[in-house]
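The following questions and answers introduce a structure to a reader who has not met it before. Each answer proceeds by short steps to the value or name requested.

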Amino acid sequence: MSVVIVTRPVAGVAQVQISRPEALNALNMEVRQGLAAAFDGLAQDEEIRAVVLTGSETVFVAGADIKVMLETQPVDHLLRKLHVLWESLTRFPKPVIAAVEGYALGGGCELAMHADIIVAGETATFGQPEVKVGVMPGAGGTQRLLRAIGKYKTMLLVLTGETFSGRAAFEMGLASRVVPDGSALAEALKIAERIAAMPPLAVAQIKEVVAAGEDAPLDTALRLERKAFQLLFDTADQKEGARAFLDKRKPHFTGR
Ligand code: CAA
């Protein structure tokens, strides 16, 4: 049985589920390679317009596999090229919605932060506890958390390894939405379905500009936005969107 399961629960939407329950979905090479292969495939799949990334109802991902870390030497990191596997997610061109229930710790919290939207169960447990096992976040945790919630909350969380709930993640701006426990996946699928019904070229430009703009100077980011905005006027979906609005009917987007 695969540790990464890809399904298509709704038209236009793929669900990528991590299933390694005996280790609370901890990220070993098999899970990492499974995730990279899943996202590489979905990037090329024209039918798929949004992806939901999830674990189980009780655990998202409890971090990198600590058993593997016990034996890991620096050269193993060089040989495994983990950053290349993560790039399948960082460069993924379609919206990714993480549905988080239970533990999202260490590499699990970092995995959730690779998504564009995070839906959290009320009592989900987020955190970057790596300091407690003698290391530090190594898959973007220090930097993505910093950008999401600011320096002072980040420092507190990464230096103490303190965990926080889905509700707290929402209040500090890490989660996009908090929902009753057990309903994160359903809510994430609903959001994905709404996005999948939008014109995909506009969706792709929006994702690219928001992501690239986060780290660019404002003037550069605004130029990027302007160019992408102008480019969309060359799409059939832009004309259809405007025409449908004026005709007071539902638009029929073709992705062209
Ligand atoms: N790696 C490997 N195995 C793990 C694991 C991990 N990160 N987390 C849990 N497991 C395994 C446990 O060893 C245990 O296996 P056995 O049954 O064979 O003993 C099984 O999953 C169930 O775990 P627990 O018995 O500990 O379950 P619990 O409900 O009592 O506690 C928990 C749950 C609080 C999440 C606890 O398992 C825990 O603290 N896990 C580690 C969390 C952590 O420190 N994550 C960060 C890892 S470092 C990292 O991620 C680096 C990075 O930035 C990339």
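Helices, which are DSSP runs of H or I with at least four residues, and strands are numbered from the N terminus. The model discussed here is predicted.

Q: In which segment is the place of K248?
A: Helix α12 spans residues 236-247. The place of K248 is in the segment after α12.

Q: Is K248 buried, partly exposed or exposed?
A: A residue counts as exposed when its relative accessible area is over 50%. K248 has a relative accessible area of 77%, so K248 is exposed.

Q: What is the phi of K248?
A: Most residues other than glycine have a negative phi. K248 is a residue other than glycine with a positive value, and its phi is near 55°.

Q: Where is N25 placed, and what is its phi?
A: The place of N25 is in the loop between β2 (13-18) and α1. N25 is a residue other than glycine with a positive phi, near 65°.

Q: Is N25 buried or exposed?
A: The limit for a buried residue is under 20% relative accessible area. N25 has 2% relative accessibility, and therefore counts as buried.

Q: Which residues surrounding the ligand are the closest?
A: The ligand is surrounded by 20 residues. The closest of these are A64, I66, G107, E110 and E130.

Q: How far is an oxygen atom of the ligand from an N or O atom in the side chain of E110?
A: A64 offers a backbone N or O atom that lies 2.8 Å from an oxygen atom of the ligand. For G138, a polar backbone atom is 3.2 Å from a ligand oxygen atom. For the side chain of E110, the distance from an N or O atom to an oxygen atom of the ligand is 2.8 Å.

Q: How much of the accessible area of the ligand does the protein cover?
A: On its own, the ligand has 990 Å² of accessible area. The share of this area that the protein covers is 61%.

Q: Which element gives the most to the shell around the ligand?
A: The elements that give two or more residues to this shell are α2 (66-71), β6 (103-105) and α5 (107-112). The element that gives the most, with 3 residues, is α2.

Q: How many residues of the shell around the ligand are nonpolar?
A: The shell includes 4 polar and 5 charged residues. Its nonpolar residues number 11.

Q: Which members of the largest nonpolar core touch the most other members, and which helix gives the largest share?
A: In soluble globular proteins, nonpolar side chains tend to be buried together. Here the largest nonpolar core has 45 residues, of which L35, L53, F126 and L174 touch the most other members. The largest share of this core, 6 residues, comes from helix α1.

Q: How many residues are in the second, separate core?
A: Members of the second core include A99, A188, A192 and I195. This separate core has 16 residues.

Q: Is T154 buried or exposed?
A: T154 lies in helix α7, residues 151-160. Its relative accessibility is 5%, so T154 counts as buried.

Q: At what distance does the side chain of T154 reach the backbone oxygen of G150?
A: The side chain of T154 reaches the backbone oxygen of L145 at 3.4 Å. It reaches the backbone oxygen of G150 at 2.6 Å.

How values were computed: Residues numbered from 1 in each chain as written. Predicted model: local features only at pLDDT ≥ 70, side-chain atom pairs only at ≥ 80, totals over all residues. Heavy atoms only, no water. Near = heavy atom within 4 Å. Polar contact = N/O pair within 3.5 Å; in protein donor to acceptor, adjacent residues only side chain to side chain. Areas by Shrake-Rupley, 256 points an atom, 1.4 Å probe, with all protein chains shown as cover. Nonpolar A, V, L, I, M, F, W, Y, C, P; charged D, E, K, R; others polar. Core = buried A, V, L, I, M, F, W, Y, C linked by side-chain atoms within 4.5 Å. Buried < 20%, exposed > 50% of the residue type's maximum accessible area, 1.4 Å probe, protein only.
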